[in-house]
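Thanks for coming, everyone. I would like to take a few minutes on one structure, beginning with its surface and ending with its peptide bonds.

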Amino acid sequence: ETGAFELYQNRPNPFKGETMISFNLPTASTATITVMDVSGRVLRTVNGDFAQGYNEIKLDRNELEGSGVLYYQVDTPSNSASMKMILID
């Protein structure tokens, strides 16, 4: 039993240079990680095949426009969750 689908708080948060987004998948599956600004504009999308259990991806500051409050969302065929993160200049 690898547990439930879960999206964790990015770390570090707030972040300047890079941050890690991690999540847990009950079964191996495809997933899309989307980073948006407060208006819903998509800043970055990562698609991949992820393993059962714990996964993490790194986001670099230079991949993201703007600063302040951003949202990140993980979508799989059976689950979806989103959380807030803070990017500081």
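**Surface, fold and two prolines**

The protein exposes about 4,800 Å², of which carbon and sulfur atoms supply 49%, the areas coming from the Shrake-Rupley method with a 1.4 Å probe, where for residues only the protein chains shown count as cover. Please keep in mind that this is a predicted model, in which local features need pLDDT of at least 70 and side-chain atom pairs count only at pLDDT 80 or more, while totals for chains, interfaces and linings use all residues. Residues are numbered from 1 along each chain as its sequence is written, and side-chain values use heavy atoms, with hydrogens and water left out.

Turning to the fold, the protein has seven strands and zero helices, where strands (E, at least two residues) and helices (H or I, at least four) are DSSP runs numbered from the N terminus. Of the 89 residues, 36% count as buried, meaning under 20% relative accessible area with a 1.4 Å probe, protein chains only. Among contacts with a separation of 6 or more, 55% come from residues 24 or more positions apart, a contact being heavy atoms within 4.5 Å. The C-alpha atoms fill a box of roughly 40 × 20 × 15 Å along the principal axes.

Which peptide bonds are cis in the loop between E1 and E2? Most peptide bonds are trans. Here, the bond from Arg11 to Pro12 is cis, with omega near -5°, and the one from Asn13 to Pro14 is cis, with omega near 0°. Pro12 sits in the loop between strand E1 (6-7) and strand E2 (18-25), and Pro14 also lies in the loop between E1 and E2.

Methods. Buried < 20%, exposed > 50% of the residue type's maximum accessible area, 1.4 Å probe, protein only.
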